[in-house]
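Trainee: I am new to this structure and would like a close look at a single part of it. Could you take me slowly through one place where parts of the model meet?

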Amino acid sequence: MQKKISNLPFKGTPEQEAALRRIIADNAHDKSRLMAVMQQAQDIYGYLPIEVQAIIAEGMGVPLEKVYGVSTFYAQFSLSQKGQYSISVCLGTACYVKGSGELFNRLQEILGIGADECTPDGRFSLSACRCIGACGLAPVLTVNDEVYGRLSVKDLDAILAKYN
Amino acid sequence: MDMVNLKINGIPVSVPKGSTILEAARAAGVEIPTLCYMKDINEIGACRICVVEATGARGLVTACVFPVAEGMEVQTNSQKVRNARRMTLEMILSTHEKKCLSCVRSTNCELQKLCLEYGVEETAFEGYRPHYEKDTSAPHLIRDNNKCILCRRCVAVCREQYVGVIGPNNRGIDTNIGCAFNQPLNATSCISCGQCTAVCPTGALVEKDDTDQVWAALNDRTKHVIVQTAPAVRATLGEAFGMPIGTNVEGKMVAALRRLGFERVFDTDFGADLTIVEEANELVERVKNNGTLPMITSCSPGWVKFAEYYYPELLPHLSSCKSPMQMTGAIIKTYYAEKMGWDPRDIVNVAVMPCTAKKFEIGRADQSAAGVPDMDIAITTRELSRMIARAGLRFASLPDEEFDSPLGEDTGAALIFGATGGVMEAALRTANDWISGKDCDKVDYTEVRGNASIKEALYTLGDLSIKVAVASGATAAKEVMDRIKNGTADWTFVEIMGCPGGCINGGGQPIQPQYIRDTVDVKSLRAKALYDADQASVLRKSHLSPAVTALYGHEKFFEAYGCHKAHEILHTSYTPRKKYSF
Amino acid sequence: MKTVAELNQLRAANLKYVVLRKGAEALKDANPAGKRNVLVCGGTGCTSSHSDAIVERLRSEIKEAGLENEVSVIHTGCFGLCALGPIMIVYPEGSFYSRMSEENVPRVVREHLLGGKVCTDLLYQETVNSDGSIKSLDQTDFYKKQVRVALRNCGVIDPENINEYIACDGYQALAKVLTEYTPEDVIRIITDSGLRGRGGGGFPTGRKWALCAPNKAPQKYVVCNADEGDPGAFMDRSVLEGDPHCIIEAMAIAGYAIGATKGFVYVRAEYPIAVKRLSIAIREAREAGLLGKNIFGSGFDFDMEIRLGAGAFVCGEETALMTSIEGNRGEPRPRPPYPAVRGLYESPTVENNVETFANVPQIILRGAAWFAGMGTEKSKGTKVFALGGKIQHTGLVEIPMGTTLNEIVNEIGGGVPGGKKFKAAQTGGPSGGCIPARLIDTEVDYDNLISIGCMMGSGGLIVMDEDTCMVDMAKFFLEFTVDESCGKCTPCRVGTKRLLEMLDKITRGEGTLEDLDRMEELCQYIKANSLCGLGQTAPNPVLSTLKFFREEYVAHVVDKKCPAGVCKKLLKYEIDPDKCIGCGVCAKNCPADAIQRTDYVAPGHKLASMQIDSAVCVKCGVCMTNCKFKAITKG
């Protein structure tokens with residue numbers, strides 16, 4: 001699947017840019033640290049839009065296309081904003097055999113968005129993830145850092161209600 | 001050198017240690033098909049078409065990267081190998097848009113050739129394949145990912161050209177070659193060199209075909225359609241008609257152009273000679289007046305675009321001279337139009353170029369000496385070859401004809417513009433004469449010839465010593481510019497060409513399949529055709545070109561080199577460009 | 001720290017803090033600090049169930065109870081029994097509290113820590129004998145067959161405190177190597193131990209080091225592969241979370257053996273706790289002089305840094321991992337040249353995975369013969385498995401090579417829950433295959449698994465019961481591979497996708513018998529032609545299920561039936577009109593409005609029964625889940 005590119009306007013602040021430039025300054029001596037810079041940039045902005053990738057490309061002395069190529073290779077990098085509440089459903093084996101696929105499908109229906117999309121109000125975004133290691137709690141999903149385990153489809157409304 | 005002995009299909013062969021199976025096979029006279037492999041610059045083992053069986057290796061190995069070992073026995077043509085290759089081709093075909101009948105690369109497509117050889121079933125595997133929008137945004141080429149086989153040869157040459165504006169994006173079945181954020185090519189810092197189109201094995205990257213415009217112009221009786229051809233075209237056009245690499249087909253080319261219906265067949269060589277006198281004059285002015293040095297040539301539109309994107313702060317180093325094509329175009333629409341009593345608006349200037357960036361250059365600002373663009377259409381050598389074919393001309397049996405006068409007159413100095421170092425050598429010939437105040441015997445400046453990406457030399461011209469540098473390819477250009485930027489360069493004059501090897505290896509030149517490019521020194525063979533022609537010329541110095549001297553002499557079109565009018569017509573300006581657009 | 005003597009002093013000085021956890025034998029002539037150690041699991045599993053809140057609460061309650069000097073609370077790495085988390089163990093009793101909650105903390109503090117009376121009702125019940133006495137943890141089914149080498153410190157020490165590691169003989173192996181052995185000695189010991197790579201392929205570690213050692217280069221590298229990506233596998237994470245220093249120590253030893261002074265650990269960014277603990281450990285080791293220049297005055301320099309992965313399974317392949325460390329798309333490179341000759345940054349490199357490294361210090365300290373004494377003829381030592389899927393005790397186990405699958409699943413793992421039947425176990429994740437029930441007595445080691453078309457892999461072991469459709473399972477793994485294929489080489493990029501499409505066709509009931517043969521042909525093609533291990537092993541789940549469960553494929557293809565009742569397109573939900581009381585709950589919950597009332601009122605019922613329109617039914621199964629009268633069946 002091609003990575004979804006955000007079409008919402010970029011809202012970076014001068015403070016964020018200053019922080020990014022500091023990170024680049026610390027790493028620019030070694031081009032192999034590109035990914036580390038991108039990871040920290042994503043920590044700052046939440047995603048890696050072209051405005052951010054161009055600063056990284058220029059600062060690290062690599063083509064923008066290379067940064068983009070890397071950003072579309074690794075699942076962790078996002079080209080679109082995350083919602084205020086980012087829901088991630090584990091589709092690892094243990095969770096899958098315990099029905100996490102159902103959870104994922106149902107969430108898409110409830111929220112009216114597809115995978116890696118954000119609701120128009122910016123509240124929820126939804127993605128699937130690989131094993132987060134909470135196999136003992138399977139099936140699990142996370143909302144931001146909160147983990148919900150031993151779930152069934154019936155639990156979803158109650159979980160979402162907490163964030164509405 | 002340590003040698004390794006092995007057998008390829010039972011044929012004993014001895015090759016240097018560290019050779020690959022592919023190299024050993026070639027040494028043994030056995031060809032192994034390749035798709036992704038490009039010697040030295042793309043040895044990635046990705047396409048898997050070159051698989052062979054080799055003793056001591058598990059399963060099949062890729063010949064392009066697998067090193068030979070003493071006593072190894074290689075089977076390049078076993079049933080197992082043939083089946084594997086056929087299946088790989090069928091895999092590729094299952095994601096390939098099979099519009100071969102209308103594909104410009106049909107009969108010249110490396111994939112098509114292999115599919116025929118291996119007897120593939122076109123639809124053996126069908127299934128999901130991503131669909132891509134064609135990218136027609138750039139003036140010089142069209143990217144059609146639906147035909148891309150992900151061999152990454154374009155990526156390798158684009159990276160070799162430093163700019164790296166296309167690369168692999170996403171992964172798995174959705175991997176595609178493209179620009180950052182799927183932007184169209186014209187939104188990137190692509191320098192239009194077209195090297196990608198010259199190495200693409202299929203029709204995924206092709207020059208933008210402007211021949212319909214040429215045909216239309218030729219069909220329009222109200223227009224004077226004038227063609228000019230770059231120095232390097234005569235050294236390569238024959239390849240498109242099966243002639244050996246390095247055949248100089250100037251006479252047949254002129255005959256063909258005349259038969260296509262061009263009213264005048266002029267030579268960009270004229271503009272090259274003109275460039276030399278104007279550029280040499282500019283250099284002298286800069287030296288005298290403490291101008292910006294080193295001065296750098298500006299003939300190559302790919303290089304100029306590169307400088308505008310990557311070194312905007314160094315643009316004052318570029319000579320303000322237009323390129324030979326633009327100069328010729330400008331003279332046609334001013335001097336020649338005046339002479340013929342034509343309205344420049346009725347002239348259609350067509351150029352046949354080894355270059356795809358010329359398609360971009362004709363649209364540049366500040367290139368309209370007569371109030372209309374100096375040039376109207378730029379086609380590549382490949383496009384011309386297709387026009388010749390469509391017109392039903394049997395190229396090989398055409399007679400040799402001569403360019404029209406006066407803008408068809410040239411010197412040997414202009415001919416070598418087509419190879420890296422040629423502009424420098426031509427300039428040195430003229431500068432030496434001017435500084436010495438006489439017609440010097442020295443014409444050969446061999447230190448600046450050859451395919452090294454950067455060449456430096458120190459010359460004494462009259463009583464003046466100057467250091468010069470010659471670079472070809474954008475990576476070399478970068479190195480040169482960095483040295484200028486950080487103050488470690490002490491050159492007075494620098495020649496830079498956007499393509500490695502110069503125009504003879506331009507992005508618009510006839511396609512040579514990769515196995516030829518890997519095994520034959522294409523650049524040197526093509527360059528040799530030009531140096532031989534230079535050697536055979538009577539006039540070998542630009543300032544002696546009768547067409548050029550006429551302009552400043554008895555024709556009284558220009559008062560002097562670098563005069564106001566010459567600046568109006570023959571010089572231009574540059575603009576910094578933004579690398580990213582959002 | 002400059003000398004081995006200093007290290008030994010430090011070990012002696014810190015022994016009192018850990019000795020309570022070491023059993024009665026160790027306690028005999030020791031002088032422990034305080035009376036009790038409370039160990040709370042801080043692995044990812046238990047942290048997800050808020051074990052850190054338990055630690056906080058424990059500390060505050062203990063303070064309130066005035067027990068700070070008597071009881072210390074240690075936040076450890078993974079205990080292994082993740083299914084019972086959050087886990088807490090109190091030493092010296094060794095009482096094992098499972099599914100611990102913050103609310104229960106005050107009670108445990110009051111009754112157990114203060115009152116000395118174990119809250120047996122909160123313990124893992126298997127550890128409570130019928131007479132109320134407590135069974136030691138290593139006597140439980142889950143632990144008794146385990147032999148902990150790689151995991152020996154996991155769940156025992158505080159991973160964020162280097163002194164605890166040192167107290168447990170940490171860095172003794174490095175000291176010994178640097179002061180007593182030549183690099184050749186080290187390689188010989190590792191070779192003699194029979195240690196093989198635990199990351200999947202099982203390449204002999206000593207041989208790997210020996211291939212790299214002679215290559216001269218200005219810089220060589222040791223790389224630790226902690227990009228554990230098999231779905232369901234978390235051995236490496238647990239080691240990094242529970243015992244990060246052992247990896248540092250092992251990498252330094254490897255560096256000494258091959259002549260490398262620089263190491264990289266490539267960790268999944270999805271493992272934040274592991275990254276944090278490893279970072280702390282590296283900092284502590286540097287401060288202690290155990291990383292850096294002239295370690296133990298031997299003249300040997302070694303330092304290391306962490307690089308984070310970013311979610312690409314293929315980066316577990318060694319050349320892809322190196323490409324990724326270099327800051328690129330993690331695409332594999334052709335081999336040869338092998339990393340031992342030209343690896344990271346074009347330099348000679350040894351790459352081993354976490355679990356492999358975790359064995360190294362112990363092998364050095366206890367000798368090659370000790371290690372080689374465990375396991376089978378060609379697979380020495382132990383192996384850590386992450387048990388998952390349809391199994392009672394989800395979690396992490398370390399067992400000697402050669403333990404049978406039966407022992408792993410039924411004894412250690414507690415068998416399949418819910419009275420279901422064991423069908424197969426999948427090892428090696430998307431690169432591996434399945435072991436069917438009839439081969440449950442297979443002794444698990446590298447070669448036995450290979451011989452049945454399986455693969456050790458990094459140690460994920462997923463148990464499947466009768467409700468698992470093997471075609472669907474193969475499809476699941478193929479989906480994973482297709483998703484994770486880097487896209488560089490043709491056979492993997494296109495071939496796996498085509499294979500998945502064939503599987504999909506079969507699960508939709510549209511396959512033919514001819515497709516099965518074609519699929520096998522495609523599998524063999526992908527295996528033989530792919531650039532890297534990912535592609536070369538991607539067809540394994542298909543080949544292995546085709547081999548052992550061909551009849552299930554045939555059922556999908558010929559009978560258009562999914563015997564396990566998983567493949568939706570082949571499913572049919574039906575309501576038994578005689579069992580249906582007509583309550584209508586099913587219809588209310590049906591997302592597709594596929595359920596209507598009939599005219600038929602079954603004898604003894606008041607309302608007409610319901611009926612499913614299978615043309616409309618989306619086969620979500622909600623009706624069946626909601627029917628209290630078991631009137632709905634699928635088949």
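**A salt bridge and its surroundings**

Mentor: In this predicted model, a good place to begin is the salt bridge that Arg26(B) forms with Asp518(B), in which the closest N and O atoms are 3.7 Å apart. To place these two residues, it helps to know that the domain assignment divides chain B into domain 1 (3-77), domain 2 (124-206) and domain 3 (212-570). The pair belongs to the interface of domain 1 of chain B and domain 3 of chain B, across which one salt bridge is found, and the count of residue pairs in polar contact between these two domains, with both residues at pLDDT 80 or more, is likewise given as one. On the side of domain 1 of chain B that touches domain 3 of chain B, two residues are nonpolar, three are charged and none is polar.

Turning to the extent of this meeting, the centres of domain 1 of chain B and domain 3 of chain B, taken over C-alpha atoms, are separated by 42 Å, and the contact itself draws on five residues from domain 1 of chain B and four residues from domain 3 of chain B. Between them the two domains bury about 430 Å², of which 53% lies on carbon and sulfur atoms. Arg26(B) returns here, for together with Met38(B) and Lys39(B) it supplies 69% of the area that domain 1 of chain B buries against domain 3 of chain B, which is more than any other three residues supply.

Note on methods: Residues are numbered from 1 along each chain as its sequence is written. Chains are lettered from A and ligands numbered from 1 in the order in which they are written. This is a predicted model: local features need pLDDT of at least 70, side-chain atom pairs count only at pLDDT 80 or more; totals for chains, interfaces and linings use all residues. Side-chain values use heavy atoms; hydrogens and water are left out. Domain bounds come from an automatic or database domain assignment. Contact means heavy atoms within 4.5 Å. Buried area is the accessible area (1.4 Å probe) that two parts lose on being put together, summed over both. A salt bridge is a side-chain nitrogen of Lys or Arg within 4 Å of a carboxyl oxygen of Asp or Glu. A polar contact is a pair of N or O atoms within 3.5 Å; within protein, one must be able to donate a hydrogen and the other to accept it, and residues adjacent in sequence count only if both atoms are side-chain atoms. Ala, Val, Leu, Ile, Met, Phe, Trp, Tyr, Cys and Pro count as nonpolar, Asp, Glu, Lys and Arg as charged, and the others, Gly among them, as polar.
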